Amino acid sequence: MSDLDEYYESEQDLEEKVEKLAELIKKSQYIVVFTGAGISTAAGIPDYRGPRGVWTCINKGEEPPISKLWDEIQPTLTHMAIKKLVDYDIVKYIISQNTDNLHLQSGIPISKISEMHGNGKKEYCSKCKKIFYRSFPVRDPDASKHKTGRFCEDCGGELFDSIVDFGDKLPQLDLNRAFEHSKKADLVIVLGSSLQVSPTSEMPLYTLENDKNPGNLVIVNLQVTPKDQFASLKIFAESDIVMKLLMKKLGIHFELWDELEEQNKQNQTNESNESNETNENQK
């Protein structure tokens, strides 16, 4: 097996493996989900180490694939399924390597996630340390040392983007929380990660080192990963396909992002109509 090759389970094997995953979830008390670039490819964001990934193309001397514009991307089926599992307190915590903000956009509380490599829409003040979440990407490609060119609305200090580049230190608070929850977990589900970037890639293994109650590791990825040998279950499949089937087996309904947006628009329309009717009645 090559690290770049992608593999797909047969329909029967996929069905059986997702059934096993559903059973593991039902038996587990503390579940952590670990996500990588593979869960966002359906949103139009290229991964890094797939056959047409960013680093793969660069290493081959080829032009890397172009991502959708920031205002065009939206949470995928996988993001929305994870959000529902968090809502139901089935998933206790998320550790993500992604910087695309889609977990937070889906509605995941900040307290429930460690964004290990930063967030493209998050900037912080170098002086008072206040954090700002924006509706736009904050990185300035022409600036140096992570400066965004903006200044803190409270103290006037320079604002910096939060994206972790090679050689940068990982955010300490996120790192501490990620290790803490990994050690508590009795089941870690890895979705769409090649598990090659250390030290983040080591975190899923912490559940296996719990002396009192060693946990299970499940890896869902189209490629072979360095941690497959430690997995209780490995599923070669796209995360959206696995999560759609999994939620069906768990009997949990969840809305896709488009459906939620449509519901919100309808609610706003209804509220507007009710307000107009009230105003008419008061005349």
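In which strand is tyrosine 124 found? Select that residue to begin the tour of this predicted model, and you will find tyrosine 124 in strand S4, which covers residues 122–125. With a relative accessibility of 31%, tyrosine 124 counts as partly exposed, because that class lies between 20% and 50%. Now extend the selection to Ile110, Ile131 and Tyr133, which together with Tyr124 form a nonpolar patch on the surface. The accessible area of these residues, taken together, is about 340 Å².

From S4, follow the chain into the loop that leads to strand S5 (131–133), where lysine 129 lies. The backbone deserves attention here, since phi of lysine 129 is near 70°, a positive value in a residue other than glycine. The side of the classification on which lysine 129 falls is also clear, as its relative accessible area of 54% makes it exposed.

A second positive phi can be selected at aspartate 89, where the angle is near 60° and the residue is again not glycine. Aspartate 89 sits in the loop between helix H3 (77–87) and strand S2 (91–96), and with a relative accessible area of 41% it is partly exposed. Display its side chain together with that of lysine 92, because the two form a salt bridge in which the closest N and O atoms are 2.9 Å apart, within the 4 Å cut-off. Is lysine 92 buried or exposed? At 18% relative accessibility, lysine 92 counts as buried, whereas its partner aspartate 89 is partly exposed.

Staying with charged pairs, move to helix H1 and select glutamate 23 and lysine 26, whose salt bridge has its closest N and O atoms 3.8 Å apart. These two residues are three apart in helix H1, and so they are separated by about one helical turn. Glutamate 23 is partly exposed, at a relative accessible area of 32%.

For another pair within a helix, go to helix H5 (residues 172–184), which holds both glutamate 180 and lysine 184, four residues apart, or about one turn of the helix. The salt bridge between glutamate 180 and lysine 184 brings their closest N and O atoms to 3.5 Å. Both partners count as partly exposed, glutamate 180 at 39% relative accessibility and lysine 184 at 43%. Next, select Glu123, Arg134, Arg150 and Glu153, which salt bridges with shared partners join into one network. Over the structure as a whole, the count comes to 17 salt bridges.

Turn then to the interior, where the structure holds one cavity of 30 Å³ or more. Its volume is about 30 Å³, and to see its lining, select Leu21, Ile25, Val33, Leu85, Ile189, Met243 and Leu246. The elements that give two or more residues to this lining are helix H1 (11–27) and helix H6 (239–250). Which classes of residue make up the lining of the largest cavity? By class, the lining has seven nonpolar residues, with no polar and no charged ones.

The last stop is a peptide bond, the one from serine 198 to proline 199, which is cis, with omega near 5°. To place this bond in the fold, show the loop between strand S8 (187–191) and strand S9 (216–220), where proline 199 lies.

Methods:
Residues are numbered from 1 along each chain as its sequence is written. This is a predicted model: local features need pLDDT of at least 70, side-chain atom pairs count only at pLDDT 80 or more; totals for chains, interfaces and linings use all residues. Side-chain values use heavy atoms; hydrogens and water are left out. Patches are made of residues with over 30% relative accessible area and no salt bridge: like charges are joined within 9 Å, nonpolar side chains (Val, Leu, Ile, Met, Phe, Trp, Tyr) within 5 Å. Accessible areas come from the Shrake-Rupley method with a 1.4 Å probe; for residues, only the protein chains shown count as cover. Buried means under 20% relative accessible area, exposed over 50%, partly exposed in between (1.4 Å probe, protein chains only). On a 1 Å grid over the protein atoms alone, a cavity is a set of points where a 1.4 Å probe fits but cannot get out, and a pocket is an open set with protein on both sides within 12 Å along at least five of seven lines; lining residues have an atom within 4 Å of a point. Grid points are joined across faces, edges and corners, and a volume is the space filled by probe spheres set on the points. Ala, Val, Leu, Ile, Met, Phe, Trp, Tyr, Cys and Pro count as nonpolar, Asp, Glu, Lys and Arg as charged, and the others, Gly among them, as polar.
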